[in-house]
Amino acid sequence: FACATHYEGDTLVIRFGPRIDVPTTALAGKERLRAGALVTASIAAHFQDAITAHPECWYQLQPVWPDLVVTP
């Protein structure tokens, strides 16, 4: 499962996505890479939805050093 957090007021909300299917048998070569790519894409899609819904709670998208941000 991938999970993401956001705040609703002072309350921390943890949202879990659907179960991510991970191969349970040993894979090799291109099959292993393909499976890894599919799992990664599933996690990325969950984060994309979470960021879209609550961008203000994703501090990685906020300037770390606001005094270094150049505004046009």
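**Surface patch**

I began on the surface. Phe1, Tyr7, Leu12, Ile14 and Phe16 form a nonpolar patch there. Together these residues offer about 580 Å² of accessible area. I keep in mind that this is a predicted model.

I asked which element gives the most to the patch. Strand E2, residues 11-16, does, with three residues. I then looked up Phe16, which lies in strand E2. Its relative accessibility is 57%, so I noted Phe16 as exposed, the cut-off being over 50%.

**Overall layout**

Next I took stock of the fold. I found one helix and two strands. Along the sequence I read the order as β-β-α.

I checked how much of the chain is buried. Of the 72 residues in the protein, 15% are buried. The accessible surface comes to about 6,100 Å². Carbon and sulfur atoms hold 61% of that surface.

I also looked at contact range. I took contacts between residues at least 6 apart in sequence, and 35% of them join residues at least 24 apart.

**The hairpin**

I turned to the two strands. E1 and E2 pair in the antiparallel sense. I recorded six bridges for the pair. I looked up two of the bridge partners in E2. His6 has Val13 as its partner. Ala4 has Arg15 as its partner.

Then I went to the turn. The hairpin of E1 and E2 has two residues between the strands. In this hairpin, Gly9 takes a positive phi near 70°.

**The helix**

Helix H1 covers residues 29-53, which is 25 residues. I tested its length against expectation. At 1.5 Å a residue, H1 should span 36 Å. Its end C-alpha atoms are 37 Å apart, so the span agrees.

Which residues of H1 are buried? I listed Ala35, Val39, His46 and Ala50. I then asked what the buried residues of H1 pack against. They pack against strand E1 (3-8) and E2.

**Gly17**

I wanted to see what follows the strands. Gly17 sits in the loop between E2 and H1. Is Gly17 buried or exposed? Its relative accessible area is 10%, so Gly17 is buried, the limit being under 20%.

I checked its surroundings, leaving out residues up to four places away in sequence. Gly17 touches Phe1, Ala2 and His46. His46 is one of the buried residues of H1. Gly17 and His46 are 29 residues apart in sequence. In space, their C-alpha atoms are 6.4 Å apart.

**Phe1**

I closed at the start of the chain. Phe1 is in the segment before E1. It is a member of the nonpolar patch. Its relative accessible area is 66%, so I entered Phe1 as exposed.

I asked which residues Phe1 is in contact with, leaving aside its neighbours within four places in sequence. I found Phe16, Gly17, Pro18, Arg19 and Ile20. Phe16 is a patch member as well. Gly17, by contrast, is buried.

Last, I looked from Phe1 towards Ser42. The two are 41 residues apart along the chain. Their C-alpha atoms are separated by 9.5 Å. Residue 42 falls within the range of helix H1, residues 29-53.

Definitions and conventions:
Residues are numbered from 1 along each chain as its sequence is written. This is a predicted model: local features need pLDDT of at least 70, side-chain atom pairs count only at pLDDT 80 or more; totals for chains, interfaces and linings use all residues. Side-chain values use heavy atoms; hydrogens and water are left out. Helices (H or I, at least four residues) and strands (E, at least two) are DSSP runs, numbered from the N terminus. Buried means under 20% relative accessible area, exposed over 50%, partly exposed in between (1.4 Å probe, protein chains only). Contact means heavy atoms within 4.5 Å. Accessible areas come from the Shrake-Rupley method with a 1.4 Å probe; for residues, only the protein chains shown count as cover. Patches are made of residues with over 30% relative accessible area and no salt bridge: like charges are joined within 9 Å, nonpolar side chains (Val, Leu, Ile, Met, Phe, Trp, Tyr) within 5 Å. A salt bridge is a side-chain nitrogen of Lys or Arg within 4 Å of a carboxyl oxygen of Asp or Glu. The expected span of a helix is 1.5 Å times one less than its number of residues. Two strands pair if DSSP finds at least two bridges between them.
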